[in-house]
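I opened my notebook for a fresh look at this one. Here is what I looked up, in the order I went through it.

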Amino acid sequence: MGGVAKDLTAGTVGGASQLICGHPFDTIKVKLQSQPVPLPGQSPKFSGAIDAVKQTIAAEGAGGLYKGMGAPLATVAAFNAVLFSVRGQMEALVRSQPGVPLSVNQQVVCGAGAGVAVSFLACPTELIKCRLQAQSALAQSSSAGLTVKYGGPMDVARHVLKSEGGVRGLFKGLVPTLAREVPGNAAMFGTYELLKQRFAGGPDTSNLGRGSLIVAGGLAGASFWLSVYPTDVVKSVIQVDDYKNPKYSGSLNAFRKLLASEGVKGLYKGFGPAMARSVPANAACFLAYEVTRSSLG
């Protein structure tokens, strides 16, 4: 099996592990990010992550925590295949000679390149996911009843293609997606390589145990969100914004309005669930990737 095929296979297994482990945390993150700013004297719909979990289970059952998983599950193979295979091809480009371990800086470059490629798949997938995850909160807060109810991922896609500008509508939020994925993956893969080399005592990390891979992967995932979280908030509010009566004219406008209305705290809505998700989900992803890649020879 060639190197690209191995990366495709291992990336798929890693992505599936990440999704199953982390999706409930992601649902709560998006709900907190997308809840409307309360009017003066009113309380927000969710007082925090735990309250969001309780309300979601009460209103939608435990399955509500997995709402919107159909879209990323359907594309998890493609998403992680692109991420890890492009990273693998970038490694081949920057490596001075075959078999030589890459430096941390080289892994940062490879991660950034993979981030560019994966953004074009992540944007429409996450638009569908965010619409499904956020719709219950938005529907209850919409006094005019303007919020569209979606029956599932395909229903969201059909509605966007029909009523929101065709294919272009599926790429709403592409700029903040790129602004998240490029530096985020640069930080994640750079941190992962740095920690592996520290644990191994040198550039040869081929003999690291699973415990070291779990720690390196979990902390690498945390570094992703620490580096780009406000960008993810901007992406989420843009992707769930009403098409006919938009609150935001673009990424910078959304950033300014969030900062003006909610302060810096508004740019970190849902940060707790995101961090709680990132460590176990990315630990599972990287471990599954490494074990699968190694087993393929």
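**Starting from L259**

I began with L259, which I found in helix α9. A reminder to myself: this is a predicted model.

Is L259 buried, exposed or partly exposed? I read its relative accessibility as 34%, and a residue is buried under 20% and exposed over 50%, so L259 counts as partly exposed. I then asked which residues make a nonpolar surface patch with L259. They are F255, V264 and Y268, and the patch covers about 340 Å².

**Going inside**

Next I turned to the largest nonpolar core, which has 33 residues. Those touching the most other members are F84, L258 and F286. I noted that α3 (70-94), α4 (104-141), α7 (174-200), α8 (210-239), α9 (251-266) and α10 (271-295) each supply at least two residues of this core. Which helix gives the most to it? That is α8, with 12 residues.

I also came across a second, separate core of 8 residues, with I128, L132, Y150 and L170 among them.

Then I went back to F84 and set aside its neighbours within four places in sequence. I found F84 in contact with D7, G11 and F189, and also with C285, F286 and Y289.

**Checking the record**

Last, I looked at UniProt, where an unreviewed entry places the feature "repeat: Solcar" at residues 2-93, 102-198 and 208-295. I picked residues 208-295 for a closer look: this span is 81% helix and 0% strand. Its end C-alpha atoms lie 15 Å apart.

Notes
Residues numbered from 1 in each chain as written. Predicted model: local features only at pLDDT ≥ 70, side-chain atom pairs only at ≥ 80, totals over all residues. Heavy atoms only, no water. UniProt positions renumbered as here; feature names shortened; annotations may be inferred. Helix = DSSP H or I, 4+ residues; strand = E, 2+ residues; numbered from the N terminus. Core = buried A, V, L, I, M, F, W, Y, C linked by side-chain atoms within 4.5 Å. Buried < 20%, exposed > 50% of the residue type's maximum accessible area, 1.4 Å probe, protein only. Contact = heavy atoms within 4.5 Å. Patch = residues over 30% accessible without salt bridge, like charges linked within 9 Å, V, L, I, M, F, W, Y side chains within 5 Å. Areas by Shrake-Rupley, 256 points an atom, 1.4 Å probe, with all protein chains shown as cover. Salt bridge = Lys/Arg side-chain N within 4 Å of Asp/Glu carboxyl O.
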